[in-house]
Amino acid sequence: MDKQKYYITTAIAYTSGKPHIGNSYEIVMADAIARFKRRDGYDVFFQTGTDEHGQKIEEKAAAAGITPKEFVDGVAGTIQGICDRLNVSYDKFIRTTDADHEKQVQKIFKKMYDKGDIYKGAYEGMYCTPCESFWTESQLVNGKCPDCGRDVQPAKEEAYFFKMSKYADRLLQYYEDHPEFIQPVSRKNEMVNNFLKPGLQDLCVSRTSFTWGIPVEFDPKHVVYVWLDALTNYITGIGYDAEGNYTEQYKKLWPADLHLIGKDIVRFHTIYWPIFLMSLEEELPKKIFGHPWLLQGGEKMSKSRGNVIYADDLISLYGVDAVRYYVLHEMPYENDGTITWELFTERFNSDLANILGNLVNRTISMTNKYFGGIVKKTGAEEAVDADLKAVVTAAKAKAQEKMDAMRVADAIDEVFAIFKRCNKYIDETEPWVLAKDEAKADRLSEVMYNLVESIVIGANLLAPFMPETSKSILEQLNAKERDFAELNQFGLYESGNKVTDAPRILFARQDLKVILEKVEEIQAAQRAEYEKENGIVAEETSNEPEIELEVREEITYDDFAKLQFAVGQIIKCEEVPKSKKLLCSQVKIGNQVKQIVSGIKQHYSAEEMVGKKVMVLVNLKPATLAGVLSEGMLLCAEDQDGNLALMTPEKEMPAGAEIC
């Protein structure tokens with residue numbers, strides 16, 4: 001019987017630079033899905049790759065003094081190397097500079113042109129180079145690119161356009177007929193309400209202002225615009241031919257079962273791409289999932305700050321499977337996830353070192369101590385065993401249900417429920433107590449058998465997410481990889497088998513202080529690299545760091561005039577009970593006294609606050625912090641290391657003097 005096919009893709013990575021961990025998350029998620037499907041009996045084809053054309057790359061190559069091809073060869077090699085380091089089991093790594101892809105893009109463009117879906121015109125509008133997108137004035141947000149928020153420049157050039165509106169009603173109907181097409185549902189609602197219903201504008205599909213792209217074969221001064229070039233990789237990579245000479249692979253794999261993409265490019269994949277396919281008279285992909293972002297602790301990643309987190313740095317400190325576990329487990333289904341070195345270390349120690357690593361180690365150690373490593377089923381069962389077995393045998397179906405719903409983090413939780421239940425089982429059965437009574441040897445043996453069998457099943461289910469850890473556990477328990485269908489059956493571990501004599505530590509606990517010292521070295525190297533790339537020479541006369549200031553949205557004078565600032569004098573200050581950060585100050589401002597709670601305890605003691613004259617935001621709406629009323633705000637300056645300094649008047653000023 002032939003296996004059911006499953007074709008999964010990621011968005012191809014743009015080769016403008018090395019991707020950070022937020023970009024790498026997607027490839028790990030896709031790999032976990034692909035591995036899970038393979039274990040579930042599917043014939044999986046997993047494609048990823050790189051998007052290598054465009055004005056931005058042409059400019060970066062010129063700045064580096066090399067050709068665009070040399071530039072993208074280097075970056076594509078870096079991106080593929082990261083995939084390999086993350087143990088990603090892709091079947092094809094496509095590059096949009098591949099000759100067969102470029103040839104098919106030219107054929108696709110001609111086919112659409114001959115059909116009347118593409119026509120020549122001219123474009124005049126505002127252009128965003130990083131996004132490689134044209135915008136009308138009405139589409140801009142505060143005069144900036146609506147996608148990335150960067151500056152745009154006026155541009156006018158001859159271009160070819162695709163008639164998007166021709167297919168808009170058909171696409172909207174497809175959404176209605178296929179509710180599973182876009183997930184999560186909120187992404188679909190955004191596409192319908194923000195783009196389809198207001199009306200689609202024709203799409204610019206060629207450029208003449210730069211040359212680094214695939215030439216339009218019948219009009220070579222034009223190059224094919226990035227989205228028509230990049231999106232078609234999903235079909236060119238498996239043997240699509242615009243003249244109808246499809247490969248057997250294409251006939252087998254298309255339509256794709258899943259396009260896994262970031263939420264920022266949902267519009268291109270759920271509007272442009274389906275319409276392109278309709279023009280080509282090809283089937284649409286079955287499902288497009290727009291995953292959330294992985295953010296660096298709520299702070300924008302920046303090379304100048306040295307706070308960018310890369311996969312290879314994480315791997316060097318924690319190991320590959322720990323990185324895979326974190327990014328998969330800490331990403332919610334729909335909302336953005338967070339990564340910091342502190343959170344990563346905490347999760348590593350609690351989940352991997354304690355729950356999993358310690359469980360495997362002590363199970364093997366107790367088996368060796370009590371039975372010379374021999375795992376034997378004796379049938380000496382007790383009531384507590386039933387609940388353990390129920391949790392273990394139910395995990396496969398639960399994990400499968402979560403994976404089918406694209407809830408990867410929840411699927412991992414179902415697997416770890418086995419390991420947590422095993423730890424509880426050890427506490428319930430107390431093997432060390434049973435070992436003291438020879439009459440309970442059979443019961444002790446049964447307990448150890450149940451633990452080993454449970455861990456074997458858990459390790460098998462863990463394989464798609466943490467393949468090397470799964471392999472190591474099974475090797476130490478002298479167990480084989482099981483068929484997926486057997487993972488709801490308890491008792492298949494061969495009685496009389498022998499575990500390893502010397503258990504290996506899967507995850508050694510990490511010292512956060514040591515980690516942060518290494519992180520400081522990594523960040524210093526990032527800052528040095530940034531300064532070298534941008535020709536920044538540090539002044540020898542000053543050690544003061546240059547802070548990258550993020551400018552917020554402009555306000556009017558009327559907005560500013562609503563804020564009332566004044567000099568205040570602190571007449572009393574005390575610590576807020578049960579709070580590590582808060583001080584409560586009584587601040588005299590003119591003829592009144594306000595109570596203000598501030599998170600500055602780590603920088604100022606209550607005693608040294610008394611008598612200070614400070615800058616106060618007077619008319620801030622009162623709020624309750626840690627159960628204490630706060631009636632204003634003390635203003636501070638904060639540097640990039642989190643150090644605070646109260647804002648104080650340069651000259652002696654009376655309490656109540658207005659700041660303007």
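**Figure 1. Glutamate 52 and arginine 95 are both buried.** This close-up, like those that follow, is taken from a predicted model. The side chains of the two residues form a salt bridge, with an N to O distance of 2.6 Å. The partners come from distant parts of the chain and stand 43 residues apart. Glutamate 52 belongs to the loop between strand 3 (43–51) and helix 2 (55–64), whereas arginine 95 belongs to strand 4 (residues 92–95). The view may be extended to a network of salt bridges that links Glu52, Lys69, Asp73 and Arg95. In the structure as a whole there are 39 salt bridges. As background, side chains of opposite charge can pair when their charged atoms come close.

**Figure 2. A salt bridge joins the side chains of glutamate 217 and lysine 103.** The distance from N to O in this pair is 3.2 Å. Glutamate 217 is found in the loop between strand 10 (206–207) and strand 11 (223–224), and lysine 103 is found in helix 4 (residues 99–115); the pair therefore ties together parts that are 114 residues apart in sequence. Are these residues buried or exposed? Glutamate 217 counts as partly exposed because its relative accessibility is 47%. Lysine 103 also counts as partly exposed, at 39% relative accessibility. Both values fall between the limits of 20% for buried and 50% for exposed.

**Figure 3. Arginine 421 and aspartate 387 meet through their side chains in a salt bridge.** Here the N to O distance is 2.7 Å. Arginine 421 is part of helix 15 (residues 408–429) and aspartate 387 is part of helix 14 (residues 383–404), so the salt bridge ties together parts of the chain that are 34 residues apart in sequence. Arginine 421 has a relative accessibility of 8% and therefore counts as buried, the limit for this class being under 20%. Aspartate 387, by contrast, is partly exposed, since its relative accessible area is 39%.

**Figure 4. Aspartate 219 is located in the loop between strand 10 and strand 11.** The loop between these two strands also holds glutamate 217, shown in Figure 2. Which residues are in contact with aspartate 219, leaving aside its neighbours within four places in sequence? They are Lys120 and Tyr160. The relative accessible area of aspartate 219 is 11%, and this residue is therefore buried. Glutamate 217, in contrast, counts as partly exposed.

How values were computed:
Residues are numbered from 1 along each chain as its sequence is written. This is a predicted model: local features need pLDDT of at least 70, side-chain atom pairs count only at pLDDT 80 or more; totals for chains, interfaces and linings use all residues. Side-chain values use heavy atoms; hydrogens and water are left out. A salt bridge is a side-chain nitrogen of Lys or Arg within 4 Å of a carboxyl oxygen of Asp or Glu. Helices (H or I, at least four residues) and strands (E, at least two) are DSSP runs, numbered from the N terminus. Buried means under 20% relative accessible area, exposed over 50%, partly exposed in between (1.4 Å probe, protein chains only). Contact means heavy atoms within 4.5 Å.
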